[in-house]
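Thanks for coming, everyone. I have a few minutes and one structure to walk you through. Please bring it up on your screens.

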Amino acid sequence: MIPTGDDLKIISVDVKDIRFPTSLGAHGSDAMHTDPDYSCVYVTLETLRGVNGNGLTFTLGRGTDVVRLSVMSMKHLLEGRNAGEIFRNFSQTWRSLTSESQLRWIGPEKGVTHLAVAAIVNALWDLWAKLEGVPLWRLLTNMDPELLVSTIDFRYISDVLTPREAIEMLKNAQEGKQERIEELLERGYPAYTTQVGWMGYSDGKIRELCTKYMDMGFRAFKLKVGRDISSDVKRCELVRKEIGYENTLMIDANQIWDVNEAIEWVKKLAHFKPLFIEEPTSPDDVLGHAAIARALRPLGIGVATGEMCCNRVLFKQFLQAGAMQYCQIDSARIGGVNEILSVYLMAKKFNVPVIPHAGGVGLCEMVQHLQMWEYTSLCKSQKMIEFVDQQHDQFVHPARVIDAKYTAPTDPGYSTELTAEAIENYEYPSGKEWQRMFQEGIFQEIKY
């Protein structure tokens, strides 16, 4: 399970700034992020064996170069090390990345430095799965509980979850595991889509996409709200007319409101029967989310958050305070798979379902592995995975959704390897497509 050999030495850490011009079509637009260019910092770990690990962290365009520099500042913690030894002591390696004595000052465990950690750690997990010749979800599923728990740093969360408790939770979920694996391979994992609901889309575009995704089998949809209440009412009416009340609607404000404003705004949308309001206020405001949750509970509307939660400590507090009814991990926001596993385990302890955030560059590709591991190995029940139909063709092994269900990946790795063409065309600023757009005046290159 832990690969060995001197040829597992990491001989280089390559870091690229990859950006896609999604703002041209208002793809990904919401109340807070009006003009996103979906992007990523892309890390490649090269080993003497010739097997590479690829990892990424998601960004929205400007600032991707800042995260890239942060990864570059951590390269010395990996280059020359044996990957097998890293996996054998993964929690210590994770702590060394998050606790480098000088870099920690500009975190700690949050923001730019933690995004950089996510890109590196995701590349390490991709490498491990490739060395084992299995997709990441199978690597995690095949692990003994003790080995999996050994990869997690429990500092700051042991008051809520201990390694012993985590091991017991995993052992208690062993019954029926093989049957769940077989079911997953045969039937896939349910998806919902946000593709119909971007803020910048016209009414005609929303109708067209609702019809398209209903025809594809989708029965759960998410709509961006928060800029204008009259527009939100109109758009909720439009979507409900298209999908009916027998299907699921969710709404997402992307942090735009104050606490009291959030409560009053969502009350005006309550008759559209949303399952949850996502990110109604500051992603750091635990008590504010708790107040919103209390106010909306009589209306049958839950609060979902986690997309922008910066680390396991904040998730711990949200769960302790009853401030989230739906836990939304993001595969590139906190410190990669190791830390995400700790959040899944805490959510299980508090009986809060995990419905991951996805949709950005590589996020659908990654979160499918995490949610499939949870189903086989921890919770025994399926929830939903967000699906946004963008940039999948840029990956060697893209996420595949058939009849509104994610197909379980079978290729080795974390599904994070970009195609050579994607890098050639969209590396910023030298990629062919960016050079063309600069020359045609579509974008102006930002220089420092």
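One definition before we begin: helices here are DSSP runs of H or I, at least four residues long, numbered from the N terminus. By that count, S73 sits in helix α1, which covers residues 64–74. And keep in mind that this is a predicted model.

Let's stay with S73 for a moment. Is it buried or exposed? Neither: S73 counts as partly exposed, because its relative accessibility is 27%, and that class lies between the 20% and 50% limits. Now look along the chain to L103. S73 and L103 are 30 residues apart in sequence. Their C-alpha atoms are separated by 8.2 Å.

Next, the core. The largest nonpolar core holds 150 residues. Which of them touch the most other members? They are W125, I277, I329 and Y406. Helix α4, residues 111–132, gives this core its largest share, 13 residues. As a general point, nonpolar side chains in soluble globular proteins tend to be buried together.

Zoom in on W125. I am skipping its neighbours within four places in sequence. Beyond those, W125 contacts F90, L136, L139, L140 and M143. T151, V337 and N338 are in contact with W125 as well. There is also another core, apart from the big one. That core has eight residues, including Y192, A220, A304 and M384.

Now to helix packing. Two packed helices are described by the angle between their axes and the distance between the axes. Our pair is α4 and α14, the latter being residues 336–349. Their angle is about 100 degrees, and the axes lie 6 Å apart. So α4 is roughly perpendicular to α14, since angles of 65 to 115 degrees fall in that class.

Who makes the contact? On the α4 side it is H114, A118, V121, N122 and W125. On the α14 side it is G336, V337, N338 and E339. Sort those residues by type, and you get four nonpolar, four polar and one charged.

Pick out N122 from that list. N122 belongs to helix α4. N122 is buried, because its relative accessible area is 0%, and the limit for buried is under 20%. What does N122 touch, leaving aside neighbours within four places in sequence? Among its contacts are N54, G55 and L56. S331, A332, G336 and V337 are there too. M366 and Y414 complete the set.

On to cysteines. A disulfide is a covalent bond between the sulfur atoms of two cysteines. How many disulfides does this model have? The count is zero. Take C40: the nearest cysteine sulfur is that of C364, 13 Å away. C40 is therefore in no disulfide, as the cut-off is 2.5 Å. C40 is also buried, with a relative accessible area of 0%. C327 is in no disulfide either, and the nearest cysteine sulfur, from C309, is 7.6 Å away. C327 is buried too, at 0% relative accessible area.

Next door to C327 in the sequence, have a look at Y326, in strand β9, residues 326–327. Y326 is buried, because its relative accessible area of 17% is under the 20% limit. Y326 and G306 are 20 residues apart along the chain, with their C-alpha atoms separated by 8.6 Å. Leaving out residues up to four places away in sequence, Y326 touches L275, F276, G302, V303 and A304. T305, V352, P353 and I355 are also touched by Y326.

Last stop: the backbone. Where are the cis peptide bonds I want to show you? One runs from G107 to P108, with omega near -20 degrees. P108 lies in the loop between α3 and α4. Another runs from Y428 to P429, with omega near 5 degrees. P429 is in the loop between α16 and α17.

Then two positive phi values. K273 is not a glycine, yet its phi is near 60 degrees. K273 is in the loop between α11 and β7. K273 is exposed, with a relative accessible area of 56%. A404 has a positive phi of about 60 degrees, and A404 is not a glycine. The loop between β11 and β12 holds A404. A404 is buried, with a relative accessible area of 8%.

That's my tour. Over to you.

Technical notes:
Residues are numbered from 1 along each chain as its sequence is written. This is a predicted model: local features need pLDDT of at least 70, side-chain atom pairs count only at pLDDT 80 or more; totals for chains, interfaces and linings use all residues. Side-chain values use heavy atoms; hydrogens and water are left out. Buried means under 20% relative accessible area, exposed over 50%, partly exposed in between (1.4 Å probe, protein chains only). A nonpolar core is a set of buried Ala, Val, Leu, Ile, Met, Phe, Trp, Tyr and Cys residues joined through side-chain atoms within 4.5 Å. Contact means heavy atoms within 4.5 Å. Axes are lines fitted to C-alpha atoms, for helices over the stretch in contact, and angles run from 0 to 180 degrees between N-to-C directions. Angles under 35 degrees count as roughly parallel, over 145 as roughly antiparallel, 65 to 115 as roughly perpendicular and the rest as oblique. Ala, Val, Leu, Ile, Met, Phe, Trp, Tyr, Cys and Pro count as nonpolar, Asp, Glu, Lys and Arg as charged, and the others, Gly among them, as polar.
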